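Open the model in your viewer and keep the sequence panel beside it. We will take a few stops, one selection at a time.

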Amino acid sequence: MTDFWNDGDPIADTAAPDGPIETRWERRKFSAKLVNPANRRKLTVIVVGTGLAGGSAAATLAEAGYHVKSYCYQDSPRRAHSIAAQGGINAAKNYRNDGDSIYRLFYDTVKGGDFRARESNVYRLASVSVNIIDQCVAQGVPFAREYGGLLDNRSFGGTQVSRTFYARGQTGQQLLLGAYQAMERQIGLGNIEMNARHEMLELIVVDGKARGIVVRDMVTGEITTEMADAVVLASGGYGNVFFLSTNAKGCNVTASWRAHRKGALFANPCYTQIHPTCIPESGTHQSKLTLMSESLRNDGRVWVPRAAGDSRKPGDIPEDERDYYLERIYPSFGNLVPRDIASRAAKNVCDEGRGVGPGGLGVYLDFADAIARLGQKAVEAKYGNLFEMYERITGENPYQVPMRIYPAVHYTMGGLWVDYDLQSTIPGLFVVGEANFSDHGANRLGASALMQGLGDGYFVLPTTLGNYLASGPYEKISPDHEEVVAARQAVEDRIAKFLSIDGDRTVDSFHRELGHIMWEYCGMERTEEGLTKAIGLIRALKDEFWQRVKVPGTGEQLNQNLEKAGRVADFFELGELMCIDALHRRESCGGHFRAESQTPDGEALRHDDEFAYAAAWEYFGADQKPTLHKEQLEFEYVHPSTRSYK
Ligand SMILES: Cc1cc2nc3c(=O)[nH]c(=O)nc-3n(C[C@H](O)[C@H](O)[C@H](O)COP(=O)(O)OP(=O)(O)OC[C@H]3O[C@@H](n4cnc5c(N)ncnc54)[C@H](O)[C@@H]3O)c2cc1C
C-alpha cells in the first residue's frame, strides 16, 4: 500500500494457449466454440466505434450473420478518427525480399515495445498482418503500386526492412473507406443498425456481464438504453487528455472510462506515444496539433545547428555547422529510429538551446538531399498531400525550406486490459483497436496501429466473440431491470449536475489547464517529484471544475459544451490515474521516460527484474485509491535486451 494506490492480486491471461507460438492462434481458433449460423441472427452485438477497429468488426460480425448495433459520435461512420492516418500499415509480406518474415515483424514489435507487450498477442498480430492486406486489396483499397504493378512498400521507424503498405499520405482514409463499404453493405441488408451522432455514456452490467449501453442522441438529447448479448468497445485512444495532440478533437476516453468505473481493469495508462514529427505549437490560441507522417523520415533528414542560439536561416547554415543528430547518435537506424527515441533526442537538442523556430522548440526535417537525388516530382508523388498540408498550416514551402517539426502527443498504448481473446475483465465486454492495451507494449512502432485495429476487427474478434456467445444463451434483459434503470438514471443525474453548476469557467479552459499539467509533468520526461505535484494539481483542478464549470444550454438539444463537459470530467480521473501509473513505474521504458532511470549517456534504463509486467488498475471510486494488479510478462522467444538502435 502507498499514499496513492493499493496492491492487489496478480492477474493472468488465461485465454492464451501455451505451446509453440507459431500455432497458438490456430489452436485457439480450433478450440473456440462456434455459433450455429441459424442461431447467429438471434444474437445482438453492440459495437461502439466505427473506426478501423469498430468498422471492420461490425462488418465482419454482420457478414457472419449476427445482428449488430453500431454507434459513433460523428455524423457518418466514415468520419471516425482513423481517417486521419497518413503513413501506412505494416504487413510481413516480404514483397521486397529484404529479409522480412512474420517472425521478424513479431521480433521488431516486441523489441520496439521495449519488452512490455505480451508475446502471444504480438505473434498473432504479425501473422494476421498478411491477411489484412489481401482483405483490403479485395475490397479495392488503392494501395500504392510500383511500376510493375506490385504493391509498393516503404520503411517506418524501428525496422530495417520495407514492410509498410500505403496509399499516398491517406492510408487511413482509404482503409476506412474499405471497412465502411463493407459496413454499408450490411447496413443495406438490415444486419447493421447504424446510429451516428449517438454517444455512449454508460455501460450496463447485469449479473457481472456486459449487457448494454446508455446512449445520448447528440442531436435531440434523447437518452435511451440499448441491450445486447455482448458489447464491443472500439472507441479509440485518449491522447486528448493532453488537450493538444494530433488526435481528432472529438477523441476521448468516456466509453472506456465508463467501463473502467464498472469494473473493467485499465492497463498501462501512462504509456503515451509522443510522435517526433509534428508541426510545432504556434501559440496559446491553438486547439490542435498536426502530424507530419513518419513516412517523411524515409527521405527527410533531421538536423539542428551545431551551435546553441544560432538564429540564421537554415539555408545560411553551412553543412559543417549542422548536426544531423539522429544519423550521428544512431548510425544504424539514423532518421528511422523509433518514435520514443527520436522524440527524446529532439527534446534534448532543444533543451541544449539548439532548437529552431519561434521559442526554440523545433528541429528541421530537410528534403533538400532527396529532391536533389530523386527530383521534386518523385518527392511530390510520395508525399505531395503532406507537403501541401504543411504549407497551408505554416505558410512555408517545404520544397524550398526545411520543415520544422517537434514532438507531440499522438497515440496511447494504454487502454482497457484484455486477455488473448480481447475480452476485458467484465465478461461479454470486448475491446478492440486503440481502446485496448494489447500488442504495443510501452512504445508502438509506426504503421502498426492500423494493422492492429484491422487485425482485431477482421480476424481476431469474430472468432473469440463467437466463442463467448456460444457459451450462452444469455437471458434477455428487460429495460426495466434495476441495473438498466440505475445506469440510465446515473447518466441523467450527471447531465443535470453539469447543467446546474452554472459557474464562470468554460469547459475548454479546464481542459487546456489539465492538458498543460499532463504535458508538463506526465509528458516526455517524468520525475517522482513532478508526478506527485501533478496529482495534487489535478485533484484541485477537478474540484474546481465541479464548482465552477459553465455549461450553457439544455440537455434536450445539440449541446457541444455538455458533450465536452462529460468527456473532460472523465479526463480528470484518467489523468490522475496516468500520473499514478507513471509514478509507480520507477523505470524508463518506451514512451515512459523517468528521469531518475537513465544510462550515463541519457538512454532509457529499464528494470526488468521489477517491472516486466502490465499494470492493470482497478477502480474503487473517484476519491478512493485504485488497486494495482500485475500481469507478469513472459519472454520465451524474444529475450529482453537493452534496446539499441546505434
Ligand atoms: C494524425 C494521425 C495519423 C496516424 N497515422 C497512422 C498511420 O499512418 N499508421 C498507423 O498504423 N497508425 C496511424 N495513426 C494511429 C491510428 O490512426 C489510430 O490508432 C487508429 O486509427 C485508431 O483506430 P480505432 O478504430 O481504434 O479508433 P478511432 O478511429 O479513433 O475510432 C473511434 C470510434 O469510436 C467512436 N466513439 C468513441 N467514443 C464513443 C462514445 N462514447 N460513443 C459512441 N462512439 C464513440 C468514434 O465516433 C469513432 O467512430 C495515426 C494517428 C493520428 C492521430
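Start by selecting Val47, which you will find in strand 2, residues 44-48. Bear in mind as you look around that this is a predicted model.

Is Val47 buried or exposed? Its relative accessible area is 0%, so Val47 falls under the 20% cut-off and counts as buried. To see what surrounds Val47, show its contacts beyond the neighbours within four places in sequence: Gly54, Ala58, Leu61, Val68, Lys69, Ser70, Tyr71 and Val232.

Now add strand 3, residues 67-71, to the selection. Strands 2 and 3 run parallel and are joined by 5 bridges. Which residue of strand 3 is the bridge partner of Val47? That partner is Ser70, a residue you have just picked out among the contacts of Val47. Strand 3 is itself mostly covered, with 4 of its 5 residues buried.

Before leaving this spot, try a distance between C-alpha atoms. Pick Val47 and Met194: they sit 147 residues apart along the chain, yet their C-alpha atoms are separated by 9.8 Å.

Next, go to helix 6, residues 171-188, and select Gln186. Its relative accessibility is 2%, so Gln186 also counts as buried. Leaving out neighbours within four places in sequence, Gln186 is in contact with Ala59, Ala62, Glu63, Asn191 and Ile192.

The last stop is the ligand. Select the residues around it and you should have 37, of which Gln74, Ser82, Gly87, Met200 and Glu434 come nearest.

Three polar pairs are worth displaying here:

- Glu434: a polar side-chain atom lies 2.7 Å from an oxygen atom of the ligand.
- Gly88: a backbone N or O atom is 2.8 Å from a nitrogen atom of the ligand.
- Ala53: a polar backbone atom is 3.0 Å from an oxygen atom of the ligand.

Switch on a surface for the ligand next. On its own the ligand has 1,000 Å² of accessible area, and the protein covers 97% of that.

Which elements give two or more residues to this shell? Colour helix 3 (52-64), strand 7 (198-206), strand 16 (403-412) and helix 12 (449-470) to see them. Strand 7 gives the most, with 3 residues.

Finally, colour the shell by residue class: 17 residues are nonpolar, 17 are polar and 3 are charged.

Terms used
Residues numbered from 1 in each chain as written. Predicted model: local features only at pLDDT ≥ 70, side-chain atom pairs only at ≥ 80, totals over all residues. Heavy atoms only, no water. Near = heavy atom within 4 Å. Polar contact = N/O pair within 3.5 Å; in protein donor to acceptor, adjacent residues only side chain to side chain. Areas by Shrake-Rupley, 256 points an atom, 1.4 Å probe, with all protein chains shown as cover. Nonpolar A, V, L, I, M, F, W, Y, C, P; charged D, E, K, R; others polar. Buried < 20%, exposed > 50% of the residue type's maximum accessible area, 1.4 Å probe, protein only. Contact = heavy atoms within 4.5 Å. Pairing = 2+ DSSP bridges.
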